[in-house]
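Hi everyone, thanks for making the time. I'd like to walk you through one helix and then some aromatic rings, so please have the structure open in front of you.

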Amino acid sequence: MGTATNPAHTTDPADGTDPAHETPPTRRLTVAQALITFLTRQYTERDGERHRLIDAVWGIFGHGNVAGVGQALVEADGAMRYVQGRSEQAMVHAAVGYARQSGRLSAHAVTTSIGPGATNLVTGAALATVNRLPVLLLPGDTFATRPADPVLQQLEVRAAGDVSVNDALRPVSAYFDRIGRPEALIPAALAAMRVLTDPAETGAVTLALPQDVQAEAYDWPEEFFAERVWRVRRQAPDPDELADAVALVRAARRPLLVAGGGVHHSRAEEALAAFAGATGIPVASTQAGKGSLPYDHPCDVGGVGHTGTATADELARAADLVIGVGTRWSDFSTASATLFAGRGVRFLNLNVTGFDAHKLAAHPLVADARTALEALAAGLAGHRVEPAYAAAYGAAKERWEARVSAAFDAPDASARPTQGQVVGALDALVTADDIVVNAAGSLPGDLHKLWRARSRDQYHVEYGYSCMGYEIPAAIGVLMARPNRPVWALVGDGTYLMNPTEIVTAVQERLPLRLVILQNHGYASIGGLSESVGAEGYGTAYRFRTGGAGDPGGTYTGDPLPVDLAANAAALGMRVLRAKTVGELREALARARSAEAPTCVYVETETPDTVSAVPPAQAWWDVPVAETAGRPAAVGAREVYDRNRAARRRHL
């Protein structure tokens with residue numbers, strides 16, 4: 001997709017020389033200097049809008065990159081922004097948050113030393129690739145010239161002398177290369193840019209940089225540093241596939257459209273709204289696709305799947321045609337292949353990748369989401385679902401909204417809030433400008449069911465990898481992409497303890513991060529799951545052992561641990577607002593929203609009661625239960641599991 005300028009072969013009439021036989025100009029730089037210079041000249045373009053492809057480099061320096069990439073960033077003299085991170089994994093999360101908020105048109109690079117710094121990238125790289133979000137990883141590597149063997153932090157593999165710890169990044173990268181010689185950088189760098197900007201292939205891209213090669217000088221052709229524009233294609237649908245898709249929709253009586261993250265990546269929200277408005281087809285959403293329509297659009301029926309709404313899931317069970325747009329169909333969205341239960345149900349997948357378009361034995365429409373929706377709408381001109389169908393799902397949508405309001409309702413301002421009421425207090429405060437970031441624990445389920453998305457990019461929940469510790473660094477990346485909008489990172493205590501260190505980066509960069517910590521004394525989500533599958537909540541609470549000190553046989557069912565996460569956040573530089581009641585929570589959230597510095601709202605939540613409880617899961621999720629057990633909890637859970645498993649089907 002990149003463009004390059006190659007002058008035509010002509011003879012200079014002034015002196016009769018032939019430019020094609022002249023030595024092309026070169027520039028002598030180290031490999032690291034050449035790479036950073038190259039990155040400053042790369043751009044993306046889509047729909048006539050140009051963006052800097054690599055807008056910043058995050059880094060922690062060690063002996064494997066300080067004299068290479070570190071020195072090159074100094075040499076760049078501000079041409080490439082540098083951001084100092086605290087944790088290698090968190091730096092990747094921040095870069096991913098930035099890339100998602102930038103619509104995959106701009107990305108960040110992350111550099112680390114060889115050794116622990118490099119292996120700490122693996123989790124973040126997996127998250128980026130699973131979610132199809134671009135990030136450039138530049139880990140140092142062991143010496144290519146092997147002056148001493150082994151060197152510090154070298155992994156010795158007796159049967160393979162060319163393996164380093166960076167090889168752990170191969171399976172989680174969309175593209176991987178090791179730059180063993182200076183001239184190898186040229187094809188590798190171009191290939192890296194191609195993958196980063198390809199809608200169907202993008203993810204984590206790794207260029208492993210041996211520390212001696214980074215510092216080695218080479219005469220680089222000036223053409224390597226020419227400005228390049230990588231045009232992000234909008235692939236048009238195949239005419240025959242489009243004709244099949246039109247026929248399928250026209251024949252359907254109970255169609256349901258499921259919007260995935262590809263709607264956002266393509267900026268297809270307006271095309272989706274026009275399609276839904278013209279046809280009356282209801283639109284459900286995956287976690288990544290939530291916000292594709294605003295919650296108050298007549299055709300929006302909310303989240304689908306295990307964490308979905310009753311409205312969307314009932315429509316899914318009865319649908320005769322399911323139209324997936326930009327979704328990779330995870331098990332949460334399909335309720336582990338039990339949700340789409342209609343006899344003869346068929347699938348139509350609009351997706352930029354053929355791999356995803358063919359899932360569920362679907363009729364594929366391989367194309368850019370916006371382009372495909374516009375073409376499908378044109379082919380369906382005049383077609384609309386039956387009025388009775390639209391009226392039925394409209395009434396169901398109203399009933400669900402009443403359940404949402406009940407979960408949000410907090411009539412006693414002096415009471416300790418439930419988690420649903422915390423979400424409701426924030427929901428009542430925000431506007432379409434606010435952005436909510438979350439990834440793990442019980443919050444993604446509550447947010448998917450309850451949150452009223454008001455704009456296309458307000459809902460930023462990472463659920464492809466559901467990585468604890470994503471929220472705080474990702475919110476920093478979002479703030480770097482959208483510095484003038486209120487950005488909220490919502491975390492439970494378990495997630496907070498995984499990765500709080502980038503709070504220091506928010507303080508250092510003067511970014512007004514708004515952090516909400518919900519203290520529920522442990523892994524509440526997994527605790528609930530553990531109870532449901534017969535594991536009795538074992539090992540999921542943050543409590544003392546009942547047996548006391550020195551008794552390894554005791555269980556973690558004693559008093560809550562006396563940890564103070566609010567004090568911890570304050571120690572890292574945040575302003576902290578403690579909220580003990582619903583009334584204090586509302587006041588604290590309002591103060592945090594208007595703050596100009598990193599601010600934390602800390603609230604200890606109450607166990608939900610029957611009035612304000614979040615609605616339970618509306619569909620099943622397959623978590624295998626022990627087939628043989630002696631405890632009643634597991635025996636009963638297995639009976640429920642077998643009943644649900646019997647409903648699974650393969651769509652052929």
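Let me start with a word I'll use a lot: a residue is called buried when its relative accessible area is under 20%, exposed when that is over 50%, and partly exposed in between. Also, please keep in mind that this is a predicted model.

By that cut-off, Tyr-542 is buried, because its relative accessible area is 16%. Tyr-523 comes out at 29%, so this residue is partly exposed. Now, how are the rings of Tyr-523 and Tyr-542 arranged? Their centres are 5.0 Å apart and their planes stand at 75°, so we call the pair edge-to-face. The two tyrosines are 19 residues apart and link distant parts of the chain. Tyr-523 lies in the loop between β21 and α21, while Tyr-542 is in the loop between α21 and α22.

Altogether there are 13 aromatic pairs in the model. Here is another one: Phe-61 and Tyr-82 have ring centres 5.3 Å apart and planes at 20°, so this pair is stacked. Phe-61 comes from the loop between β4 and α2, and Tyr-82 from strand β5, 21 residues apart. Both are partly exposed, Phe-61 at 34% and Tyr-82 at 31%.

If you like bigger groups, look for Phe-38, Tyr-218, Trp-220, Phe-224 and Phe-225, which form one aromatic cluster. Charges join in with rings as well. The charged end of Arg-50 sits over the ring of Tyr-43, 5.7 Å from the ring centre. Arg-578 does this with Tyr-602, its charged end also 5.7 Å from the centre of the ring.

Now to the helix I promised, α8, residues 239-251. With 13 residues at 1.5 Å each, α8 should span 18 Å, and the end C-alpha atoms are 19 Å apart, which agrees. Which residues of α8 are buried? They are Leu-242, Ala-245, Val-246, Leu-248 and Val-249. These cover an arc of only 165° around the axis, so they lie on the same side of α8. That buried set packs against β15, β16, β17 and α14. Turn to the other side of α8 and you'll find Asp-240 and Ala-251 exposed.

One last detail, at the start of α8: a side-chain oxygen of Asp-238 reaches to within 2.9 Å of the backbone nitrogen of Asp-240.

That's my tour, and I'm happy to take questions.

Note on methods: Residues numbered from 1 in each chain as written. Predicted model: local features only at pLDDT ≥ 70, side-chain atom pairs only at ≥ 80, totals over all residues. Heavy atoms only, no water. Helix = DSSP H or I, 4+ residues; strand = E, 2+ residues; numbered from the N terminus. Expected span 1.5 Å × (residues − 1). Buried < 20%, exposed > 50% of the residue type's maximum accessible area, 1.4 Å probe, protein only. Arc of directions from axis to C-beta. Contact = heavy atoms within 4.5 Å. Polar contact = N/O pair within 3.5 Å; in protein donor to acceptor, adjacent residues only side chain to side chain. Phe/Tyr/Trp six-rings, centres within 6.5 Å; stacked < 30°, edge-to-face > 60°. Lys NZ or Arg CZ within 6 Å of the ring centre and 35° of its normal.
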